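Reader: Could you walk me through reading salt bridges and pockets in a model like this one?

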Amino acid sequence: MIGSLQSLATTLRGAFRFAGEDDGDTLKAITGRSGSGLLRAKRIKVAVFAILFGLVSSIIELPLPAEDFYRAMRAEVRSRPAPQDILMIAVDDKTLNAFGGRIPSRTVDSQLVDSLIAAGVEKVVFDRAHADPESAEADQRFIETLARHKGKVWLGMSIENQIGTQAVPEIMPLPEFEENAQLTVLSGLGGVFGLSVKFPTEAERQGVSYPSASAVLGEYRGPERLYRPDYAYRVATIPTYSYVDIVEGSVPANALKGKSVIIGEAFYLSGDYYFTPFEGKIAGAYFHILGAHTLKRGVPLDLIFIPALLVASLAISAQVMSRKKSTRTLVLTSVGLFALPLMLDEFGVNIDVMSAVLALVWAGVGFQRIARKYYSSEVDAMTTSAISSDKANTESDVYALKIASLAEMSDDWSARELGEFVNTLITYVKGPGDAGDVAFERDILVWLAPRMTAEDLERHADGLALMLKTAISHDWQSAGSGPAL
């Protein structure tokens, strides 16, 4: 079963200093340079650039659209009905038709507020500022209504601000309205392509802090935070009533009692519509309701990109230290990074993963390029190019061991069995001695050992022959065809 084992020692002696002979390019100019050191240096370079790329892409928010879309996908997986304690009073097309195609006047707004408070509504929030005067009679009636229900009505406002490239103009209610109502901030920060939005819990104007609409509706009392509304609440399940139905008394009081409401535009031609990846365009007031329900569960903790990039950096560093060509660690880490936010979302913890995944992809591509050049395609062993140089090394000798029957074995053995066989030989060759890195190319093992005298070399070759014979006899004796060395 084992071919040519009796002459193995002789073969090894003959192979000694074989680098001086010509066997194609396989054994050309082998030196004492550490192949593992070379590969580690190249991997370190790839790792540094990959991690820096992940960090820079996070800082400049390069993968933000992909991050927002994946966040929306996770919300869709976690989709659930919205709580029923916050209502949307929609200025819809039915309402416009009832008022001759126009937005209801301030006189009708006063009638609406009276009807809502009479039905037991606890908070009334307008998703508009009432910044422009109407008739003196209508404005006066609205002032009286606000004064009569002081502490229960909030008028919208936006504070002048420059957030990145987004300029937010200041819009305030008329001063006489501001004196008789509470104010709430309507401004939010939209993401790239409108795939996400962030709301503050409060904003400051002239030294005075005003709560956001979502903070008012969600009864949030806490430190100022910037957060993302949870899109897991289905907008279609938010209780919605037409503005005109409330005014005409068509909605029963028990449907309104004890609830908070926001009054906003929801007619077809309104400009207050925004896009969500899975529910399409929805009226802006609904986002404040989503934010309120989010705050009621607890202010989300946004850890941004830091945890994911740290995990990716550890995985990349582990790959740098590995002697194997497989990048399975990086693949598994990427899968884990995609799965982890799905669990954390349920606890109100957000992590951004796309920059970390980009770093892992960069590293994976770089490591694979190194593997193709410096690793054998058959096994996890270096090629001779990893330990080759144009400069000779007078302190080391070259050993070459040819597996003469490898082609025949390939017909009978699986790729795994061949790989195990070659790796077993490499393990025995390295053994407890001073052999350096063992390279494998085509059907030849090549390694370096400190230069020896002729007598030491003969003893070393005899011992190695016996060791390899033992390895093959015990570990591979059941193979269909035996290897010849």
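Author: Happily; we will take the salt bridges first and then the largest pocket. Keep in mind that this is a predicted model.

Reader: How many salt bridges does the structure hold?

Author: A salt bridge is called when a side-chain nitrogen of Lys or Arg is within 4 Å of a carboxyl oxygen of Asp or Glu. The structure holds 17 of them. One to begin with is Asp-139 with Arg-106, whose closest N and O atoms are 2.8 Å apart.

Reader: Where in the chain do Asp-139 and Arg-106 lie?

Author: This pair links distant parts of the chain: Asp-139 belongs to helix H6 (residues 136-148) and Arg-106 to helix H5 (residues 106-118), with their positions 33 residues apart. Both Asp-139 and Arg-106 are buried.

Reader: What does Asp-230 meet in a salt bridge?

Author: Its partner is Arg-297, at 3.6 Å from N to O. Asp-230 sits in the loop between strand E12 (226-227) and strand E13 (233-234), while Arg-297 is in helix H10 (residues 284-297), so the salt bridge ties together parts that are 67 residues apart in sequence.

Reader: Is Asp-230 buried or exposed?

Author: Buried means under 20% relative accessible area. Asp-230 has 12%, so it counts as buried. Arg-297, at 41%, is partly exposed.

Reader: Which residue forms a salt bridge with Arg-297 from the loop between helix H12 and strand E19?

Author: That is Glu-346, with the closest N and O atoms 3.8 Å apart. The loop of Glu-346 runs between helix H12 (328-345) and strand E19 (349-350), and Glu-346 is 49 residues from Arg-297 in helix H10. Glu-346 is partly exposed, with a relative accessible area of 32%. Through shared partners, salt bridges join Arg-78, Arg-80, Asp-230, Arg-297 and Glu-346 into one network.

Reader: Now the pocket. How much space lies in the largest one?

Author: The general idea is that rolling a probe the size of a water molecule over the atoms shows where empty space is left. Here, about 870 Å³ of space lies in the largest pocket.

Reader: Which residues lie nearest the centre of the largest pocket?

Author: Of the 38 lining residues, Asp-127, Leu-186, Asp-272, Tyr-274 and His-288 lie nearest the centre. Elements that give two or more residues to the lining include strand E4 (153-157), strand E15 (260-265), strand E16 (273-276) and H10.

Reader: What is the lining of the largest pocket made of, by class?

Author: By class, the lining has 21 nonpolar, twelve polar and five charged residues.

Technical notes: Residues numbered from 1 in each chain as written. Predicted model: local features only at pLDDT ≥ 70, side-chain atom pairs only at ≥ 80, totals over all residues. Heavy atoms only, no water. Helix = DSSP H or I, 4+ residues; strand = E, 2+ residues; numbered from the N terminus. Buried < 20%, exposed > 50% of the residue type's maximum accessible area, 1.4 Å probe, protein only. 1 Å grid on protein atoms, 1.4 Å probe; cavity = no way out; pocket = protein on both sides within 12 Å on 5 of 7 lines; lining within 4 Å. Points joined across faces, edges and corners; volume = space filled by probe spheres on them. Nonpolar A, V, L, I, M, F, W, Y, C, P; charged D, E, K, R; others polar.
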